[in-house]
Amino acid sequence: MKTRAAIAWGPNQPLEFEEIDLDGPKDNEVLVRIVTTSLCHTDVFTLSGRDPEGKFPCVLGHEGCGIVEEVGRNVTSVKPGDHVIPLYTPEDPNCPYIKSGKTNLSQSIRKTQGEGLMPDGTSRFSFKGKTIFHYMGTSTFSEYTVLPEIAVAKISPEAPLAKASIMGCAIPTGIGAVRNTAKVRSGDTVAVFGLGAVGMAVIQGAVLQGAGRIIGIDVNPNKFALAKSLGATECINPADFKEPIEHVIIEMTNGGVDFSFECVGNVKLMRAALECCHKGWGESVVIGVAGAGEEIATRPFQLVTGRVWRGSAFGGVLGRSELPGMVDEWLRGEINVDPYITHNMDHESLNLAFDLLKRGEAIRSVVHY
Ligand code: NAD
Ligand code: DAO
Ligand code: ZN
């Protein structure tokens, strides 16, 4: 079949919109019509050429939602008409990593996903006979996309698909990092570095866990009003201080925070986020994705004296078994999605969405097919 898709031909090139060829779902695969997709900083990162797994030409996009159109052989868990969220962290119940109960990082299709291919080692996308690669196993910047069955989460048909794309990455990533990775408890003090959609979701998660102080940190003060409306108790801009931001936070909190979250992808900020944690028990969670080859550093004494450095992917959320429950929390009014959506636009305006996110003017732009 044909599908209208935004093609990323190479790093730093504007997306081009074409009718491309899409092969139907093979065994254990599903064809999904994407209804909305939103732009996450990880798409910007990959298009910048700093992603070691970025393979071009490709169809980017990993934060989306849609409706199953067709299923391949042996697919049993979804059927045409089901509402689904594509998962860049698939959940295969037979994978030993998932069976361990210790992680959400299913490995069964990891290798091919990282190569921009479906599990059989081929791509379903092509244009004029040339292979177009998949991206993060999702490629939601195409109106139709093919996904492995283990990479779709069936969600309530009540969830409005005009907004549900945000549940495909930012919200589970941020709230999940607070609940599953850090396990923030009532009264804890939290610092959130980077107030984009992921940082905002960390704030929302911290509020849900009953955190006490929630300190937002961003170099763009235009983010502060939304952060405070979601529950940040104070917001600070590192540019307003002479001293390093970790010292400012240690001073403000009389010794450091219980938990910090880095939601930018800046290795220097990751160090500041670790070092603003309280001696003896403070824990810092890396969520931001840093560029190829970059490394983090700190003095080992920071760890010897009890601080803990962790990382979190998709908030530690099991995509198929836990994400639908988070969608239900949204439908019950416990998770707020609306504030993340600062812009709505059509598919062909995707390049504008990249500009808005890079300029710090959008939290999330939602693209409607
Ligand atoms: P975003 O661009 O919307 O937000 C980033 C924020 O960081 C902006 O508000 C920006 O002003 C701020 N910032 C930039 N430099 C800063 C600095 N030096 N100090 C303080 N603030 C600074 O991005 P997003 O979509 O919220 O994504 C955030 C990060 O999380 C990205 O690195 C993205 O790749 C990553 N991410 C990781 C996961 C995961 O599962 N680990 C999932 C989604 C996104
Ligand atoms: O190695 O098993 C693995 C999983 C790697 C992918 C993890 C993705 C999380 C970081 C990227 C954020 C995407 C929005
Ligand atoms: Zn994302």
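Two strands are taken as paired where DSSP finds at least two bridges between them. In this predicted model, that criterion is met by strand β6 (residues 125–127) and β7, which are joined by three bridges and run antiparallel. Within this pair, S126 has T131 of β7 standing opposite.

The β6–β7 pair belongs to an open sheet of four strands, whose order is β1-β2-β6-β7 and whose pairing is antiparallel. At the edges stand β1 (2–7) and β7 (130–132); each has a single partner strand, so one side of each is left without a neighbour in the sheet. From one strand to the next, the twist averages 50°.

A second open sheet offers a handy companion to this description. Six strands form it, in the order β12-β11-β10-β13-β14-β15, and here the pairing is parallel. Its edge strands, β12 (234–236) and β15 (308–311), each pair on one side only. The twist of this sheet averages 20° from one strand to the next. Further in along the order, strand β13 (residues 259–262) and strand β14 (residues 283–286) run parallel and are joined by four bridges. S260 stands opposite S284, a residue of β14. Helix α4 packs on this sheet, where it touches β13, β14 and β15, and the direction of α4 makes about 130° with that of β14.

Besides packing on the sheet, α4 also meets a second helix. The axes of helix α4 (residues 170–182) and helix α5 (residues 197–208) come within 7 Å and cross at roughly 45°. An angle that is neither under 35 degrees, nor over 145, nor from 65 to 115 counts as oblique, and α4 and α5 are therefore oblique to each other. Their crossing is right-handed. On the α4 side, the contact is made by A170, I171, T173, G174, I175, A177, V178 and R179. The α5 side contributes A197, V198, G199, M200, A201, V202, Q204, G205, A206 and L208. By class, the residues of this contact divide into 12 nonpolar, five polar and one charged.

Helix α5 leads on to the ligand. Ligand 1 is surrounded by 32 residues, of which the closest are H41, G194, G196, V198 and G265. Two elements, α1 (41–47) and α5, give two or more residues to this shell. V198 thus appears in two settings, among the closest residues to ligand 1 and in the contact of α5 with α4. The shell around ligand 1 divides into 18 nonpolar, 12 polar and two charged residues.

Two local backbone features, both in loops, complete the picture. The peptide bond from F56 to P57 is cis, with omega near -5°. P57 is found in the loop between α1 and β4 (63–71), and α1 is one of the elements that give two or more residues to the shell around ligand 1. The other feature concerns K183, which has a positive phi of about 60° although it is not a glycine. K183 lies in the loop between α4 and β10 (190–193). This loop thus runs between the helix that packs on the parallel sheet and a strand of that sheet, β10.

Notes: Residues are numbered from 1 along each chain as its sequence is written. Chains are lettered from A and ligands numbered from 1 in the order in which they are written. This is a predicted model: local features need pLDDT of at least 70, side-chain atom pairs count only at pLDDT 80 or more; totals for chains, interfaces and linings use all residues. Axes are lines fitted to C-alpha atoms, for helices over the stretch in contact, and angles run from 0 to 180 degrees between N-to-C directions. A crossing is left-handed if the near helix is turned anticlockwise from the far one by less than a right angle, and right-handed if clockwise. Two residues are in contact if their C-beta atoms, placed from the backbone, lie within 7 Å. Ala, Val, Leu, Ile, Met, Phe, Trp, Tyr, Cys and Pro count as nonpolar, Asp, Glu, Lys and Arg as charged, and the others, Gly among them, as polar. A residue is near a molecule or strand if its C-beta atom, placed from the backbone, lies within 6 Å of it.
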